[in-house]
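This briefing is meant for a reader who is opening the structure for the first time. Please keep the sequence and the 3D view at hand while reading.

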Amino acid sequence: MRPINVWQALARPGYLLSSWPWRSAGYLLSSAPVGIAALVVIVVGATLGTVLAVVLLGLPLLALLALSGVPVAATERLRLRLVDHRPAPTPHQVPSEPGLLAWARTRFWEQATWRELGYALVFATVLWPLDLIVVGTVLAVPLGLLATPVLMMTVGGGEEARVLKLWTATSMPEAIATAAAGLLMFTVCGYALGIAAVARAELTRFLIAPPAPTVSAEVTELVRSRVRLVDAFEAERRRIERDLHDGAQQRIVALTMALGMARLDAPPGPLADQLAKAHDEAGKALAELRELIQGIHPKVLADFGVAAAVADAADRSAIPVDVTLDLSGRLPESVEAAAYFVVCEALANVGKHSGARRAEVTGRHTDGRLVVEVRDDGRGGADAENGSGLTGLADRVSVLDGRLALSSPPGGPTLLRVEIPCEPIDHSA
């Protein structure tokens, strides 16, 4: 599976041979022109706005300056695609009315606008110089070592050369060994650039992310009532599954056996043909009922948890699926059921529509949240609102106060990410 960001690529053996080190360097270096442009706009706009404010001509300019963080943040979200394919949606609201005035009014009243203005100020004055310093520092050492033989032949007259102004190489073999050391250091530089790009991208994502909403007591009670409804719904599903398994299924099994015995005892003729046909139909009805019971609530999910159920679903998938679920214990039934059915629906969509050769399911429980990701190497272009069934899954996850995000650019890869807040069940209590 292809990694979706630098952090995943760093753990892969072929990181240095991939495009990720170059993407990391491009991400850090590309901050300079954006940062310089933002600095020029902020300085010039603030200066002219302050001077012209005396005659009330600078007020519109100051208003535009307050909105300067919006395009800077939008550019930063686009630049994140260099090192991180995870979705970075805009936190801004859609204006209720068309027109520039409605757009400006909406932006001025949004907290995200002022958050992005603060980011633009920090970016224009601090972040982009730090990016250049990091890249320069990381590349200066190996390049200085690599240039030692050239310096000895051109500047030192073939006798000596200063190495990074720290020591002097006095022979050509020593200069060649120094260059070889510089060549090896490029390996370390590739990883250093990747780590720096990860840190920078995570800082950007944190600073321009929408703030957490304030939840009132009424909303909290509403969320709790929704969770109780989900628990009641899951209990009803389990009851229906039990009734079908212990009642209707056993009756059809008995009917199938009775028809089979009658089929064996009947003499050849029309009656035997009718019994054979009825026996086959009963077998098909039994198979469909078992499939229905499996779809309501799989027994492996109830007995062994979501990790085993997802592994079982992966074995039944139309394409090869790698499963890595790092879960230390059982989770609430509603959470396990939601995560399982999201994975099943996602794998079904991958098999039907993506044209993928392979898929991967990863999951973990961290910081009080279950995080499950389903990714594939297909053609991409998936749309959650175009009849894929993901809209219903998103509603189901949202009932548990969770989130479902889909990233599927044309050409792939496709990433479906589900986050559900929950805590493991303590069976020892």
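The points below cover a sheet and its helices, a pocket, a buried arginine and one further helix. The model is predicted. In it, 5 strands form an open sheet with mixed pairing, and the second largest pocket holds about 450 Å³ of space.

**The sheet**
- The strands of the open sheet follow the order S3-S4-S5-S7-S6.
- S3 and strand S6 (403–407) are the edge strands, and each of them pairs on one side only.
- From one strand to the next, the twist averages 10°.
- S5 and strand S7 (residues 414–421) run antiparallel and are joined by 8 bridges.
- Arg-375 has Leu-415 of S7 standing opposite.

**Helices on the sheet**
- Helix H12 (residues 306–315) packs on the sheet and touches S3 and S4.
- The direction of H12 makes about 175° with that of S3.
- Helix H13 (residues 333–354) also packs on the sheet, where H13 touches S3, S4, S5, S6 and S7.
- The direction of H13 makes about 10° with that of S5.

**The second largest pocket**
- The space in the second largest pocket comes to about 450 Å³.
- The second largest pocket is lined by 21 residues, and the closest to its centre are Asn-5, Trp-7, Gln-8, Arg-364 and Glu-373.
- At least two lining residues each come from helix H1 (6–10), H8, strand S3 (321–326), strand S4 (359–366) and strand S5 (369–376).
- S4 supplies the largest share of the lining, with 4 residues.
- By type, the lining residues are 10 charged, 6 nonpolar and 5 polar.

**Arg-205 in helix H8**
- Arg-205 belongs to helix H8 (residues 172–207), and H8 is also one of the elements that supply at least two residues to the lining of the second largest pocket.
- Arg-205 has a relative accessible area of 17%, so Arg-205 counts as buried, the cut-off being under 20%.
- Apart from neighbours within four places in sequence, Arg-205 is in contact with Leu-80, Asp-84, Arg-86, Pro-87 and Ala-88.

**Helix H5**
- In helix H5 (residues 100–109), the buried residues are Ala-102, Ala-104, Thr-106 and Arg-107.
- Helix H6 (111–146) is included in what covers these buried residues of H5.

Definitions and conventions: Residues numbered from 1 in each chain as written. Predicted model: local features only at pLDDT ≥ 70, side-chain atom pairs only at ≥ 80, totals over all residues. Heavy atoms only, no water. Buried < 20%, exposed > 50% of the residue type's maximum accessible area, 1.4 Å probe, protein only. Contact = heavy atoms within 4.5 Å. 1 Å grid on protein atoms, 1.4 Å probe; cavity = no way out; pocket = protein on both sides within 12 Å on 5 of 7 lines; lining within 4 Å. Points joined across faces, edges and corners; volume = space filled by probe spheres on them. Nonpolar A, V, L, I, M, F, W, Y, C, P; charged D, E, K, R; others polar. Pairing = 2+ DSSP bridges. Axes fitted to C-alpha atoms, helices over the stretch in contact; angles between N-to-C directions.
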